[in-house]
Amino acid sequence: MTIPNRRDLDSLDARIILALDKDPEASALALSRTLGVARNTVHARLARLERSGALRSFSRRLDPAALGYGLMAFLSLAISQTRAGSVENGLETIPEVIEVHATTGDADLMAKVVARDTADLYRITNQILEIEGIQRTSTAISVLELMPPRYDGLLNRLSKQESGSSD
């Protein structure tokens, strides 16, 4: 597992991201006019945010239900510690596994999985159990997403702070 190298965001970065949330198709020129900064500054910031991994791929905004995957579940996975690499590689081969986190507590990994229905979830869970190094799973089905992932509150807070750097 690789942990990306991150650089802390500053106030201007937060303002750029918030502006993109409002208008995802905004050009660097439009953003520069909206934010009152030079177009080259916006362009350089966007390039740095993408290079650093701070801005993730557009597909992460997609609702899985739009693809026919209306069921979401969280699988706690107990793994053999000596097989962690093969477990990670095996999970990457299953498209319905959309997110995996190493965790503390009873489970070693927490996997976010999408499925078409409970029968499909059963198939996916069995496919996960076939991965060498997976010892057991425990499944919790999401019945309703009460709050989707959100970052606007954090970005708004950061956007109001004084920026300590300039590009």
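**Exercise 1. Work out how the sheet in this predicted model is put together: what is the strand order, and is the pairing parallel or antiparallel?**

Step 1. Start with the sheet as a whole. Four strands make an open sheet, and reading across gives the order 2-3-1-4, with antiparallel pairing.

Step 2. Now find the edges. Strand 2 and strand 4 (134-142) are the edge strands, since each pairs on one side only.

Step 3. Add the twist: going from one strand to the next, the average is 20 degrees.

**Exercise 2. Take the pairs one by one. How many bridges join strand 1 and strand 3, and how many join strand 2 and strand 3?**

Step 1. Strand 1 and strand 3 run antiparallel to each other and share seven bridges. On this side, you can spot L77 opposite L109 in strand 3.

Step 2. Strand 2 and strand 3 are antiparallel too, with five bridges. Here H101 sits opposite M110 in strand 3.

Step 3. Look at the turn between them. The hairpin of strand 2 and strand 3 has six residues between the strands, and G105 takes a positive phi near 100 degrees there.

**Exercise 3. Which strands does helix 4 touch, and which does helix 5 lie across?**

Step 1. Helix 4 (residues 84-92) packs on the sheet and touches strand 1, strand 2, strand 3 and strand 4. Its direction is at about 165 degrees to that of strand 1.

Step 2. Helix 5 (residues 118-129) lies across strand 1, strand 2, strand 3 and strand 4 as well. Check its angle to strand 4: about 160 degrees.

**Exercise 4. Describe the largest pocket: what is its volume, and which residues lie nearest its centre?**

Step 1. Get the volume, which is about 2,100 Å³.

Step 2. Go to the lining. There are 48 lining residues, and S57, R60, R61, P149 and Y151 are the ones nearest the centre.

Step 3. Ask which elements contribute. Those giving two or more residues include helix 1 (11-22), helix 3 (39-52) and strand 1 (71-79). Helix 6 gives the largest share, five residues.

Step 4. Sort the lining by class, and you get 27 nonpolar, six polar and 15 charged residues.

**Exercise 5. Where should you be careful when reading this model?**

Step 1. Check the overall confidence. The protein's mean pLDDT is 90, and 92% of its residues reach 70 or more.

Step 2. Hunt for the weak spot. Residues 1-5 have pLDDT below 50, and beyond near neighbours in sequence this stretch has three contacts in the model.

Step 3. Draw the lesson: where pLDDT is low, don't read the predicted coordinates in detail.

Technical notes: Residues are numbered from 1 along each chain as its sequence is written. This is a predicted model: local features need pLDDT of at least 70, side-chain atom pairs count only at pLDDT 80 or more; totals for chains, interfaces and linings use all residues. Side-chain values use heavy atoms; hydrogens and water are left out. pLDDT is the predictor's confidence in each residue, from 0 to 100. Contact means heavy atoms within 4.5 Å. On a 1 Å grid over the protein atoms alone, a cavity is a set of points where a 1.4 Å probe fits but cannot get out, and a pocket is an open set with protein on both sides within 12 Å along at least five of seven lines; lining residues have an atom within 4 Å of a point. Grid points are joined across faces, edges and corners, and a volume is the space filled by probe spheres set on the points. Ala, Val, Leu, Ile, Met, Phe, Trp, Tyr, Cys and Pro count as nonpolar, Asp, Glu, Lys and Arg as charged, and the others, Gly among them, as polar. Two strands pair if DSSP finds at least two bridges between them. Axes are lines fitted to C-alpha atoms, for helices over the stretch in contact, and angles run from 0 to 180 degrees between N-to-C directions.
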